[in-house]
Amino acid sequence: MSLIKKEKGKKVKYSLLRGMQDIFSEQIYLWQYIEEHARKIFDNYNFQEIRTPIVENAELFLRSIGEDTDIVEKEMYIFQDKKGRKVALRPEGTASVVRAYIQHSLFNNPAPQKFYYIGPMFRYERPQKGRFRQFHQIGAEVFGVNSPSIDAELIYMLKLFLEKLNINNLIYEINSLGCKNCRPKYREVLFSFLADKISQLCSDCKRRFEKNPLRVLDCKVTSCKESLKNTPLIVDFLCQDCKKHFISLQKELDEMNISYTINPQIVRGLDYYTRTVFEVTATMLGAQNAVAAGGRYDDLVESFGGPSTPAIGFAIGMERLIEICSKSLVIKTKKPFVYVAYIGSSVEREVKKVVIFLRNNGIPTETAYEKISLKSQLRKADRVGANIVIIIGEDEIKKSVYRWKNMKDGLQGEASLNELLELIRRRYDTE
Ligand code: HAM
């Protein structure tokens, strides 16, 4: 990729890597709002934030997500560090949270242990609308609960989170992938079914068929999808316990008035799942329509050397969420509320004091840092969107009263600093 890129007639020396984005200006307020919204809701459900590193031992992901998945086969950012260790940029959050859960013996704390995270993930995918190489997830993970009540509660919490952002037209789909007792039998049946179709499958599927036939069901190639239309479904092979779990989940979702459909085709693109899996999609998003997804991973903690611990979680894709919200959710852009303009350099010290006084009293305040005319300062105040301008000259300092002007309605007057603060506070609180 060229480092020199032309942008609006200007030569830019360095530009973004493909599939990566800068988030700023109006957009950043939407991001902050949504992050804050997640924190509030997850707090109420007794989740604690966890921050894990962005770079981890690559094996952590290779082993948990699975060698035959698209993420591991094609999309990992893997490199060697200076000591030759194989490290990776995290492609998702679950594996790291599981590592932390075991490493810090969090299983000794009373169950359930509930964690949430917000942060960037990396997958070297072909970028397209809604698909990035650096994207962000808000994720939640719960450890130590076997009961399907937690599956239902997580889906409920996710729905609440989305609905409070005014997002309603979403499709909730669930499935069960069984467990280590019933899946091997299904695997055998699937294997025989696929053996008859093998010549019609793509080269990736031919390879996956041998090692992990379930992954074939996840193939995005149209001709494979066509050949797999009448595939036997895992829900028909669930053992008694998995069946009971799945039926109880449905009952709880019904009781919570959550509309969902059972989609037996959902296998998810990561290998660690057991029993419940779910996806939330939005048709308006086009091809990359999954806003959030998750499921149980009851064997993962044990397979990483921890005690046998049931677990479940989900992750929301921030970029896709923002795409849906950006029209329906109007967030007030933060602007300086007051602009302090001044006449003559002799008053600079006093101006600084006023600026600090206002800022310390919680009023977003801006001023001119360079020496420019009053006219230019007023123009600047208007351009940055300030609501009130305070004008300070030598006379004002002598009298200890300051001129002010409301930029929105044109009202103006004179007031002492404390009176000004009162006036500004009243307006700031109501606007
Ligand atoms: P996932 O389905 O791979 O699951 O990703 C979850 C969400 O992240 C997707 O539904 C999508 O919204 C977003 N996403 C994934 N890849 C991209 C991308 N390249 N560009 C933009 N958004 C993307 C997981 O990551 C699991 N760790 C979820 C989980 C948590 N399961 C249990 N606990």
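This passage describes the ligand site, two helix pairs and a loop of a predicted model. Local features were considered at pLDDT of at least 70 and side-chain atom pairs only at pLDDT 80 or more, whereas totals for chains, interfaces and linings use all residues. Residues are numbered from 1 along each chain as its sequence is written, and side-chain values use heavy atoms, with hydrogens and water left out.

The ligand is surrounded by 27 residues, of which Glu92, Glu125, Glu141, Tyr273 and Ala290 come nearest; a residue is counted here if one of its heavy atoms lies within 4 Å of the molecule. By class, this shell comprises 13 nonpolar, seven polar and seven charged residues (Ala, Val, Leu, Ile, Met, Phe, Trp, Tyr, Cys and Pro count as nonpolar, Asp, Glu, Lys and Arg as charged, and the others, Gly among them, as polar). Strands β8 (134–143), β12 (290–296) and β13 (311–317) each contribute at least two residues to the shell, and the largest share, six residues, is supplied by β12. Secondary-structure elements are DSSP runs numbered from the N terminus, with helices (H or I) of at least four residues and strands (E) of at least two.

Polar contacts, defined as pairs of N or O atoms within 3.5 Å, were found between the ligand and several side chains. A polar side-chain atom of glutamate 125 is 2.7 Å from a ligand nitrogen atom, and a side-chain N or O atom of tyrosine 272 lies 3.1 Å from a nitrogen atom of the ligand. In the side chain of glutamine 137, an N or O atom is placed 3.0 Å from a ligand oxygen atom. Of the 660 Å² of accessible area that the ligand has on its own, 96% is covered by the protein (Shrake-Rupley method, 1.4 Å probe).

Helix axes were taken as lines fitted to C-alpha atoms over the stretch in contact, with angles from 0 to 180 degrees between N-to-C directions. The axes of α5 (residues 148–163) and α9 (residues 240–255) come within 9 Å and cross at roughly 40°. The two helices are therefore oblique (neither under 35, nor over 145, nor 65 to 115 degrees). The crossing of α5 and α9 is right-handed, the near helix being turned clockwise from the far one by less than a right angle. For α12 (residues 348–360) and α15 (residues 417–430), the axes come within 11 Å and cross at roughly 40°. Helix α12 is therefore oblique to α15, and passes α15 in a right-handed crossing.

The loop between α4 (94–103) and β7 (113–122) contains proline 112. The peptide bond from alanine 111 to proline 112 is cis, with omega near 0°. Serine 105 also lies in the loop between α4 and β7, and has a positive phi of about 50° although it is not a glycine.

Conventions: Polar contact = N/O pair within 3.5 Å; in protein donor to acceptor, adjacent residues only side chain to side chain.
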